[in-house]
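I opened this entry to look up a few things in the structure. I wanted the core, the strand pairing and any cross-link.

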Amino acid sequence: MREQTWQTFRSSGRRSGRRRTVPVAAAVAVGIMTMGALAPPAASAAARPDTPQRGLNALVHTDSVPAALASVEDRDGRTRTYTAGVGDLATGAQVPRDGQVRIGSNTKSFTAVVVLQLVGEGKIGLDAPVDTYLPGLVRGDGIDGRRITVRQLLRHTSGLPNYSKYLSDDIRYYDPRELLGLALAHEADFAPGTKWAYSNTNYVVAGLIVQNVTGRPLAEEIDRRVIKRIGLRHTYFPAPGEMAIRERHPRGYYQDSAGAPLVDATEWDPSWAWSAGQIVSTNSDLNRFFTALLAGRLLPKAQLDQMRTTVPASHPFPAGARYGLGLVSTPLSCGGVYWGHGGSMTGYETRGGATEEGRAANVAVTTQPSQATKERMDGIVDTTLCR
């Protein structure tokens, strides 16, 4: 997703909304250091600065991100990892190779896979109304769960308003139904099926459907059906109240405005993103996930075909992007497309995906960058996959 966070978050897409500052009591200010005062990049992959490394170096030197990380997987499954910048501005620590980051709206692809697995098992119907699984829950001004289908949720054509625009400034735990309530207090954006608009609310409803159908927490279903199934060793759905990142990771930073001091925003409660953006992972695990997905290791062909049936997408995705069911196709400059999602959470941004031929690339930075920087991240992915 892109989300714009502690602003509003993106799935790989981002929606703009109210900006929420990170309270000083909940974060550590990085002195007077700003984006222009970073240490030189440190390469962790190869001595020669090949295409991904040059791209990361530029993100640090030119775009002034604190740290940049990338992982590239070739058709034979061989992986190379890259880093640049500083992993901790307070200590000057190096960027950990393939460190964990908050992957934001990439989570939507995981949630969609679980829903589609349940479709394949005959437990959910893509064109069934939401009310079939959550009777009477989705109601509001112009909002009626009897007229919204599961497919419309996964494709962002439901018209449900984006709850993340209405979050308070509090960094605290949010229950999923509380998030849904924030959206339902507002008028529908449009009638179901008449338009496309990115809304995190769609995936909160999808997550609630998974829980009602399976009788198990969403986090357990994602772990059992996706993470463990394909051996993602560094990917997890944070437990309630879990604010720290479990394994080696670069610190994530928030900047209120251009030129403002950077604030350490690594540890905070991510529950406001839930099924739309809460997962922590690594670039290499994301490559494995999207590669396994396209190879048919997570879904039967019928459901994978549905997932890859797309409609034109607009903001927050690049020109030419199309949205399927929790999966985005992005054109490659050399022809064809790659499939992924992308994500943004406070302190982190990830971009990338995989091709049908088995190549994959993901890039992460440790702040929420400008639109120009996001485009350069997309450029690194494109150049790497087109080599």
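I began with the nonpolar core, bearing in mind that this is a predicted model. The largest core holds 80 residues. Phe 110, Phe 289 and Leu 293 have the most contacts inside it. I then asked which helix gives the most to this core. It is helix 2, residues 106-120, with eight residues. Another core lies apart from it and has 18 residues. I noted Ala 70, Val 72, Tyr 82 and Tyr 338 among them.

Next I looked up the partners of Leu 293. I left aside neighbours within four places in sequence. Leu 293 is then in contact with Val 113, Leu 298, Leu 299, Leu 304, Met 307 and Leu 327. As a general reminder, nonpolar side chains tend to be buried together in soluble globular proteins.

I turned to the strands. Strand 14 covers residues 328-331 and strand 15 covers residues 337-340. The two run antiparallel, and four bridges join them. Ser 329 stands opposite Trp 339 in strand 15. Five residues sit between the strands of this hairpin. One residue there caught my eye: Gly 335 takes a positive phi near 105 degrees.

Strand 15 also pairs with strand 17, residues 348-354. These two run antiparallel as well, joined by two bridges. On this side I found Trp 339 opposite Ala 354 in strand 17.

I checked helix 10 next. It runs over residues 371-386 and has 16 residues. From its first C-alpha to its last it reaches 22 Å, close to the 22 Å expected at 1.5 Å a residue. Which of its residues are buried? I listed Thr 373, Lys 374, Met 377, Asp 378, Ile 380, Val 381, Asp 382, Thr 384 and Leu 385. I noted that the list includes Lys 374, Asp 378 and Asp 382.

Last, I searched for disulfides. The count comes to one. It joins Cys 334 to Cys 386, with S to S at 2.1 Å. Where do the two cysteines sit? Cys 334 is in the loop between strand 14 and strand 15, and Cys 386 is in helix 10. They are 52 residues apart, so I logged the pair as a link between distant parts of the chain.

Why is this disulfide left-handed? The torsion about its S-S bond is about -80 degrees, so it gets that label. I also checked how open each end is. Cys 334 counts as partly exposed because its relative accessibility is 48%. Cys 386 is partly exposed too, with a relative accessible area of 24%.

Note on methods. Residues numbered from 1 in each chain as written. Predicted model: local features only at pLDDT ≥ 70, side-chain atom pairs only at ≥ 80, totals over all residues. Heavy atoms only, no water. Pairing = 2+ DSSP bridges. Core = buried A, V, L, I, M, F, W, Y, C linked by side-chain atoms within 4.5 Å. Buried < 20%, exposed > 50% of the residue type's maximum accessible area, 1.4 Å probe, protein only. Contact = heavy atoms within 4.5 Å. Expected span 1.5 Å × (residues − 1). Disulfide = S-S within 2.5 Å.
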